[in-house]
There are 4 protein chains.
Amino acid sequence: MQISSAALLKASSAATTPPTLAERYRAVRQASLALAAPLSAEDAMLQSLPDASPAKWHLAHTSWFFEHFVLGTQPGHQPLQPDWQVLFNSYYQSIGPAHARAQRGLLSRPTLAQVLEYRAQVDQRIGDCLRAGHLDAVARQHLLLGLQHEQQHQELLLTDLKHALWSNPLQPAYRDDLPLPTPTPAAGAAVWIEHPERIVEIGAPAWPAHARFAYDNESPRHRVLVPAHALADRPLSNAEFRAFIDDGGYRDPLLWMSEGWARVQAECWSHPLYWDPALEREYTLGGWRALDPDAPVCHLSWFEADACARWAGARLPGEFEWEATAAACPAAGNFADAGLLHPVAQPSLGAGAPRQLFGDVWEWTASAYGAYPGFRPLAGSAAEYNGKFMCGQYVLRGGSCATPAGHVRASYRNFFPPAARWQFSGLRLARDL
Amino acid sequence: MQISSAALLKASSAATTPPTLAERYRAVRQASLALAAPLSAEDAMLQSLPDASPAKWHLAHTSWFFEHFVLGTQPGHQPLQPDWQVLFNSYYQSIGPAHARAQRGLLSRPTLAQVLEYRAQVDQRIGDCLRAGHLDAVARQHLLLGLQHEQQHQELLLTDLKHALWSNPLQPAYRDDLPLPTPTPAAGAAVWIEHPERIVEIGAPAWPAHARFAYDNESPRHRVLVPAHALADRPLSNAEFRAFIDDGGYRDPLLWMSEGWARVQAECWSHPLYWDPALEREYTLGGWRALDPDAPVCHLSWFEADACARWAGARLPGEFEWEATAAACPAAGNFADAGLLHPVAQPSLGAGAPRQLFGDVWEWTASAYGAYPGFRPLAGSAAEYNGKFMCGQYVLRGGSCATPAGHVRASYRNFFPPAARWQFSGLRLARDL
Amino acid sequence: MQISSAALLKASSAATTPPTLAERYRAVRQASLALAAPLSAEDAMLQSLPDASPAKWHLAHTSWFFEHFVLGTQPGHQPLQPDWQVLFNSYYQSIGPAHARAQRGLLSRPTLAQVLEYRAQVDQRIGDCLRAGHLDAVARQHLLLGLQHEQQHQELLLTDLKHALWSNPLQPAYRDDLPLPTPTPAAGAAVWIEHPERIVEIGAPAWPAHARFAYDNESPRHRVLVPAHALADRPLSNAEFRAFIDDGGYRDPLLWMSEGWARVQAECWSHPLYWDPALEREYTLGGWRALDPDAPVCHLSWFEADACARWAGARLPGEFEWEATAAACPAAGNFADAGLLHPVAQPSLGAGAPRQLFGDVWEWTASAYGAYPGFRPLAGSAAEYNGKFMCGQYVLRGGSCATPAGHVRASYRNFFPPAARWQFSGLRLARDL
Amino acid sequence: MQISSAALLKASSAATTPPTLAERYRAVRQASLALAAPLSAEDAMLQSLPDASPAKWHLAHTSWFFEHFVLGTQPGHQPLQPDWQVLFNSYYQSIGPAHARAQRGLLSRPTLAQVLEYRAQVDQRIGDCLRAGHLDAVARQHLLLGLQHEQQHQELLLTDLKHALWSNPLQPAYRDDLPLPTPTPAAGAAVWIEHPERIVEIGAPAWPAHARFAYDNESPRHRVLVPAHALADRPLSNAEFRAFIDDGGYRDPLLWMSEGWARVQAECWSHPLYWDPALEREYTLGGWRALDPDAPVCHLSWFEADACARWAGARLPGEFEWEATAAACPAAGNFADAGLLHPVAQPSLGAGAPRQLFGDVWEWTASAYGAYPGFRPLAGSAAEYNGKFMCGQYVLRGGSCATPAGHVRASYRNFFPPAARWQFSGLRLARDL
């Protein structure tokens, strides 16, 4: 009997009384195992992009993170696998050398079974420490950081694997038993929701000084003057993006950033990443399916999202415009826990109520990823977590159908380079008033 | 007898009574000729970077711009050189095909003499139109745009040529007769100038609706909440950057953006572009010279500027922080008209007074280049001038020693990719309060 | 209990009475399984070079070869796995599209278990055909070709895997139980064996017209005038190559082909592929071991072999010089069946007797790989087997410690590009008389 | 008045009484000037391929060769331009560092005028030495080598320039006054000339031990068994190559070497380099002209020549087959001195008489470029002249319409990589008997 990852993810995020740190740890760690459960050791080795990683590596790296940042600070700790340190260090130069990112798929050793055993050992020791009360405040903070980190890798495990399985000419499904979304009333035309100029508090107070977790790149909370603008009440749909294609959107250089147009030409883009050339079906984690015209369009690069918004006479929202609206909404939606692992259409919530800000698709913003005024990276090696990537990337907001529920919030900032297409990335239109 | 480009550039920008459009046209066009005067036809063909252009191409392209945008709209105009349209179109896809950028150095034909003749023909016809009053409002606007455009290319002509001559193992000077700067009192330690949080009007009203020229990327003028911060009263000096080097700045990955560090490794950066390995001399348009420790450091990439600011416990200024201060200062400084064509040290202006915001070196900011809220590109093909490059680049402010005087203003936004080093680019430190 | 591949390979090649075709088929097919037996499914997926292939792919492709060329010609044959045809076609354009070579490592599906099941099905059907006497002469020829083909892939499986395991920072052994060579009397100084000019019959009569198997690239047998020359009686040793290194061989451009020197610089070559930087140990299929100074040097590119020969005041032998000598020797030596999977030293055989022409290391020759006069490729799709690679490669002769015994002969021509280092490739010195 | 290069070249090679060394020197040096005479300084700077060189560089490098190898050995010689040594050293690592080949087009300094002045100085001093009888035997040999070297560069100057001018969208002619070939009787069908197997003396006795000049790669003269074969009596014509195209030759992978097919796909080859897509005209040094169906096809890569021969049911000749026939023919033909600078049709010479072995087009052979048995490179730095390129290239024979008359001979071996198309390269069919 297969473990339901959705159930486990739900357990990790939706308990009625606040779970203890130990409970949260167990739930998050189990959720990773559940996601990996459908995979053979061979599937778990796949790396089809230099910037993607094998599932096995995700499972090992997240464990290495706990070992290094939590167990490693305990008195007398000896590395569980000294030879593996270089393999599963991602990019922490202050910790030591790291195996080349593009070659993570070349690690047949350690085996998946060994990595799972390593996970179990780390879990055992973390559990021991928690039970014995050996973790000081900093260690508990790093434990919490590690859980957030692992949730990020849960999503990457899915997106990386989706690309890898699709790269095989056989294009097998990740799971054949993924439920199809329940038919819903039509999504209806998008509605503009208008917002006057105003000063908004953006971001989150810096953790861990402030108790509620947020990444360093969300801090400090600070005042921003958000200009008057309108936001669509829902993400752009497949049908709307299809109209862009049918209108020659991929053939008109005037709609594109110069660099995006060069990419369109060089890589012969003519539709979103996982669509078939007939524009009728799309590859999903459940295999090939008919495109739902009402569902949010997905797997767009920033270049495509930007060009389509321009074609529509609109633009991408600024990240603060997005956050100003999202701050008033519950961070609920079609997350990975729903078990669909694909964006779905949602009916209108009525006039003026935005839908699907959270879940379904990450929404590209017009905002280049950078530091907030007063930004301070986390202390120690954790300083390398976010800050050194604040260049050449764009902010995405709101989480996706592959994001663990409970992981994102209104102030959460994801980021990818503008040509990246393998994330569950779509867009919501905005315009100036 | 050699024509003095400095004198001509001055003529083009500093007349006491406002020059007529015809006078301005003549002055700007002459200034380009003056800059090219020291060059042989061979020098004028050099292209040492895919993103740089030969001087001959600059001379021709700026003329093509006037022909296309001004003469081309006149009744009965026949292209002066139909075969050259593709050669000297830079990147206007709405106009037609363009010769590959990286191959501009392969154009031995037309010859420099033919290009100069073409310039003269364009000038003749523009002059005729102006005298006859044939240019309507739009044509006069395009004429004005063309003059600004030509001034940008005057600077590029110098920076591209500097790189090209330096790429020759003989490393000849562009001009042997460039004056050395007058010795000045020491620049002294930099002083922080503090600014409280405030709402600032940023940018320029949209031209041509508004009479005063500004590029579309500076508009619309809009309100921005600028956070509390401090700005250094002068750009970072060679001596200060040398301290960064001596402290191992080029060897410490923790100071760098991840992408910048990769570049440092791949291209073995260990000092600014034109410094000698002994860190004692630098290549200038006047040839090799001893480094002036007090002069602003120059020819840095954004990566180097950003890393050095971090090392200094500071950061790069946001472009609005810069503009908020610069808006109150005259746009005067060491521009190309001064005839030095190299940044120089300036004595302190006294407590709280910023110096060298304009001229000397373009100042990298922390701001990714993007659209202002409400941005509308210029009409017609001129829409391609700026907007399609709003991706993957950083804003620089204030002009340099190679910028024609009168060309820049507080709201002016220059932009280059973060790895670009061949511009006269430096930095001014900022920090949070 | 692990199956001994050496024993099986021996069975396949050394039976006292000539084995039947069915027996040979079984033995060769079993030998592949034995070679793969130590591998996990994860090991079997590794592809560390664009020109190498995963072990799983080798196992599948060789089966596809039998299915296409033998079963595929049988009446009523339906492809066993229609979807796999594109995956396991290597490069036969006349058969159909082929999965990109550099992406063979991305095939987690079919699984290793499925591939082994596919092998069993192919074996079952081939066996049925043989028993039923359904294979006509052409089919039996293709069966024989398929066995030779599979033996080639047995060697490639080992060389590709060696590189892949070495590319993992853990550098595990393929097998920990590989026997070390028995200590032998010292190899002694190499002796020159002189040969006067003479006309030699080179190559093999064209198979299948002639009964004895040979590849098409060995035919037709033809007369060649071999010049007067001397050949060393044994391959160059590790100690001799070490002297080349110690004498600055990797730092002297005058010893190298221009293209080879560029490669030395670009890839920082300073010793054979699998040596450690201290020049004391080498990575083998049995893990890291001390270098045996007397053993043949191995894993050289043609560039290294050529440069070292020049340094020694000698040259590489022409392929006809090699064959003229080898034709008189039994094709015996340290082949894969010996179970060592590494070259070893052999004592002198006495004056004038060449040793180790067969086995131990493939010997680079001075001969570019090309067609013999009168060359005719095999009929049908098998024409693509050898002929289309007759460009840009050099001939190697004699087989190696990873070649199945019985596979090579004096006329056998292996070929690789001059920069290839991952084969068991060494050299034997020659000189003009 | 323009100097006729053809006249000068003729002077250099066809005087009735043997010219003195001084006369030959003057004639060859003048011929280079004549070839460069139609070029502006801008034309002389063009470099459109990494493996091509600007005309100015050819003029300077050939002078540097004389200065280094002849004047440099004279007592008390001081380098005429010490700073230029690195610029104009091509690839002689034993002499010192060399400017990067791909950046030869970045040398605006020295100017063309300075290079011409440098040439004059070298000529003056060489003349002085010759008159004074100061050159010993070795210096006189190097002088002779330098003349051969300069003739090679005369051809390269033309081929490199042809590509460079063609790369300009204006595609100007090198000279507008090139005469068109005189109409000739039709070339007629090609006739096979058969040759039985025989032993042939191939190559030239080693110069300078032997008095008659030959490059080191033509020596030693040695015996080769040339197999029975037939050679076409003339090169393949444009009409014949057009039939290959019309029959789908560029679309059938089975006709091509695997590496050639990859190149066809990657670079979208569908006809010879300088043909127009309509297959009706070709770009020549005299500009665009109608294709002459009877003229030899030209500007083929080895891959195209090889594929077309295979399509024709034939093959490329081995270089010894070619030489065995050519040795009996005068080295006369359509060389550069004829002033046409383009291949032309020639009428049949009657049964069994081969035509156009010399001149018109270099003929690709099936032979990879390698050393003859007993090959010894020239002494000193001249050893780098030929030997280090004996890898990855194919031999061409016979000279072309751009080769100075008198430069080639039956034993002459030219060599280029198989993808090179910018030489005047065609083919002659051969087949086995």
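How far apart do the end C-alpha atoms of residues 210–431 of chain A lie, and how much of the span is helix and how much strand? I began my notebook with this stretch of the predicted model, and I found its end C-alpha atoms 35 Å apart, with 17% of the span in helix and 16% in strand. In UniProt, an unreviewed entry annotates residues 210–431 of chain A as "domain: Sulfatase-modifying factor enzyme-like".

Next I looked up where chain C meets chain A, and I noted 25 residues from chain C and 25 residues from chain A in the contact. On the chain C side, helix H4 (85–88) and helix H6 (137–167) each supply at least two residues, and sorting that side by class gave me twelve nonpolar, nine polar and four charged residues.

I then checked how the two chains are related, and a turn of 180° with a shift of 0.0 Å along the axis lays chain C on chain A with an RMSD of 0.0 Å. This is the relation of a two-fold axis, and 100% of the contact residues of chain C recur in chain A, so that the same surface serves both copies. Glu42(C) is the residue of chain C that comes closest to the rotation axis, its C-alpha being at 2.7 Å.

Last, I turned to chain C and chain D, where 27 residues of chain C are in contact with 27 residues of chain D. Strand E3 (222–226), helix H8 (258–267) and strand E7 (362–368) of chain C each give two or more residues to the side that touches chain D, and E3(C) gives the most, with four residues. By class I wrote down 15 nonpolar, eight polar and four charged residues for this side of chain C.

Conventions: Residues are numbered from 1 along each chain as its sequence is written. Chains are lettered from A and ligands numbered from 1 in the order in which they are written. This is a predicted model: local features need pLDDT of at least 70, side-chain atom pairs count only at pLDDT 80 or more; totals for chains, interfaces and linings use all residues. Two residues are in contact if their C-beta atoms, placed from the backbone, lie within 7 Å. Ala, Val, Leu, Ile, Met, Phe, Trp, Tyr, Cys and Pro count as nonpolar, Asp, Glu, Lys and Arg as charged, and the others, Gly among them, as polar. Copies are superposed by least squares on the C-alpha atoms of residues with pLDDT of at least 70 in both. UniProt positions are given in the numbering used here, feature names are shortened, and annotations may be inferred rather than shown by experiment.
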